[in-house]
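Please read the following walk through the fold with the sequence and the coordinates side by side. The account moves from strand pairing to helix packing and then to the interior.

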Amino acid sequence: MNIKFECVTKKVYHKTILSRCSFMIETTGIVGLLGPNSLETTTILRLIAGTMQPNNGKIVLNHTPLHYSHRQEIAYLEHLRMFPSDSNIATVLFMYQQLFSDFDHQKCQILCEQLMIDLQWPLSSLTRGMEASVLIALTLSRKAKLYLLNEPFAGIDFVSRERIVRILQTYRQQDATVIISTNHIELADQIFEHVIFFDGGRMYREYNLTQWQSKGDTTIIDKYREVYE
Amino acid sequence: MKTLLEMQLEVNKPFFYGSAMYLILTILLSSIFSFLKDTTVIFVLGSLFAFLLLCPILLFPVMMIRMIRFLHRIGSHFQVDHLFGKLTCFFMLMYMSIAGVTTILVSIAVHRLPLFTSYVQMFDFQIGENIVYWVLAFCLTVLTSLGMTWIVTIVYMLFRSQFMSHLSWWWKLCILVGIAIAFFLVVSWIFQMIAAIFPSIPIVPLSLTPLDEQAEYLSISAVQVLLQLFYVYVLIKVSAYIYLGMYESEY
């Protein structure tokens, strides 16, 4: 998947989140969007998913401007708040199956099992970590070309995080691109193949980790400190 | 359609229960007031209940928006344009079955048909009490529902366009007000045309009635004028809700 931001500006309530932001992602691996302000990286995901519109600039996906029809290639779910709060996870799975023809119900059940999610849990009783796990299961169960994950490790303990990393590496479509926005960078070296640092509403730096790690001299945490301290 | 309906019921459950309760209450109150003998009181109360009966119509676009918002946020690739056809059919059926049948039941309950007469007078027409007008009033109800649904659709499409995204909110507000006024002018014009084409049907536009009758009519219909203004206000609010609801509400 080829994603290109061309001088994109996004304001929310007169506050500029992205300011003439330009960058390009040309990989089928796992890409990390990192930065001290998670609002910037989350906004980028929302813009790609089409749940937000840029004020200025252009977003291009596979050489065509971002359009509603691109949604069938993008798997993104930010939270479960839009589902009726009295429904359970099984109902959410049913709705997802009706809405997305590429949704693999069986795969989702396997993922839920591995993430220790009970399908009978009502949404209103989910903790932040449980919700993050459900979001991952739902998102990865689609046969999409682009997966967007917003803060997938938020509220999840270290062991569960490692489990999620394994699931990410195993269950995503191998020819797909996965973009993850996160502040939990302690597992970043294991996951990401490409990282982009953002600051002040723009892309700050980007690194291809496959080339970088072959030198074996530094980690993402070191680089993060170097960039933002 | 079945699964869409199931999802629709699931997503809009509170609205459906709310509308059902609301309509039952309206029928009950109308029936109680039907025992009143004073024509003017019945007329005014009938006008009020006619307006109250209109409120669920306003709920349907809201429910449609809620469903679209749900699909929008879930990132569904369902083309909203395609979905509108199905949802409009669904809402039309719902409206016709609930509001249409309820209107007839209420009118039977109150004998004097104040609901129908006052409903029609919201469009500045006087109407007699005859079975023909029951049908006419029912058609008006359906037409209004269609108009409301489609005006909301058109406004939504317009606001979703690239052109509108570059305009300031003042311009957007002006366009919304313009659309609302245009809608009511067009509806008014359509009924004047009907009256002109079919003079045998005694639907008399206000402007064609003698002055003394006009004065009498105006004094009675002051409530309707206020209700119309409120109706326009709610329409604008609903349209604004679409815009605000569709975008920028994640924060």
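In this predicted model, L61(A) stands opposite T64(A), a residue of strand β5(A). The strand on the other side of this pairing is β4 of chain A, residues 56-61, which is joined to β5(A) by two bridges, the two strands running antiparallel. Both strands belong to an open sheet of four strands, whose order in chain A is β2-β1-β4-β5 and whose pairing is antiparallel. The edges of this sheet are taken by β2 (15-26) and β5 of chain A, and because each of them has a single partner strand, one side of each is left without a neighbour in the sheet. Strands of a sheet pair through backbone hydrogen bonds, in either a parallel or an antiparallel manner.

Elsewhere in the four-stranded sheet, eight bridges join β1(A) to β2(A), again in an antiparallel arrangement, and one of the residue pairs to look for is F5(A) with its bridge partner F23(A) in β2(A). These two strands form a hairpin with two residues between them, and Y13(A), which lies in the turn, has a positive phi of about 50°. Helix α1 of chain A, residues 38-49, lies across β1 (2-12), β2 and β4 of chain A, and runs at about 65° to β2(A).

From β5(A), the chain can be followed into the loop between β5 (64-65) and β6 (74-76) of chain A, where H70(A) is found. Is H70(A) buried or exposed? H70(A) counts as buried because it has 20 C-beta neighbours inside 10 Å, the cut-off for a buried residue being 20 or more such atoms. Not counting residues up to four places away in sequence, H70(A) touches G50(A) and L61(A), the latter being the residue that stands opposite T64(A). The C-alpha atom of H70(A) is also separated by 9.9 Å from that of L146(A), although the two residues are 76 residues apart along the chain.

Beyond this loop comes a second open sheet, made of six strands of chain A in the order β6-β7-β8-β3-β9-β10, with mixed pairing. Its edge strands are β6 and β10 (202-208) of chain A, each of which pairs on one side only, and the twist averages 20° from one strand to the next. The partner of β6(A) is β7 of chain A, residues 146-150, and the three bridges between these strands join them in parallel; among the residues involved, Y76(A) has L148(A) in β7(A) as its bridge partner.

Two helices can be considered next. The axes of helix α3 (residues 105-114) of chain A and α4(A) come within 8 Å and cross at roughly 150°, which means that α3(A) is roughly antiparallel to α4(A). The contact is made by C108(A), L111(A) and C112(A) on α3(A), and by A137(A), L138(A) and L140(A) on α4(A). The crossing of these two helices is right-handed.

The interior can now be taken up. In soluble globular proteins, nonpolar side chains tend to be buried together. Here the largest nonpolar core has 69 residues, and those with the most contacts inside it are I48(A), I74(A), A137(A), Y147(A), L148(A) and V195(A). Helix α4 of chain A, residues 128-140, gives the most to this core, contributing seven residues. Leaving aside its neighbours within four places in sequence, A137(A) is in contact with C108(A), L111(A), C112(A), L115(A) and I117(A).

Terms used: Residues numbered from 1 in each chain as written. Chains lettered and ligands numbered in written order. Predicted model: local features only at pLDDT ≥ 70, side-chain atom pairs only at ≥ 80, totals over all residues. Core = buried A, V, L, I, M, F, W, Y, C linked by C-beta atoms within 7 Å. Buried ≥ 20, exposed ≤ 12 C-beta atoms within 10 Å, placed from the backbone. Contact = placed C-beta atoms within 7 Å. Pairing = 2+ DSSP bridges. Axes fitted to C-alpha atoms, helices over the stretch in contact; angles between N-to-C directions. Parallel < 35°, antiparallel > 145°, perpendicular 65-115°, else oblique. Left-handed = near helix turned anticlockwise from the far one by under 90°.
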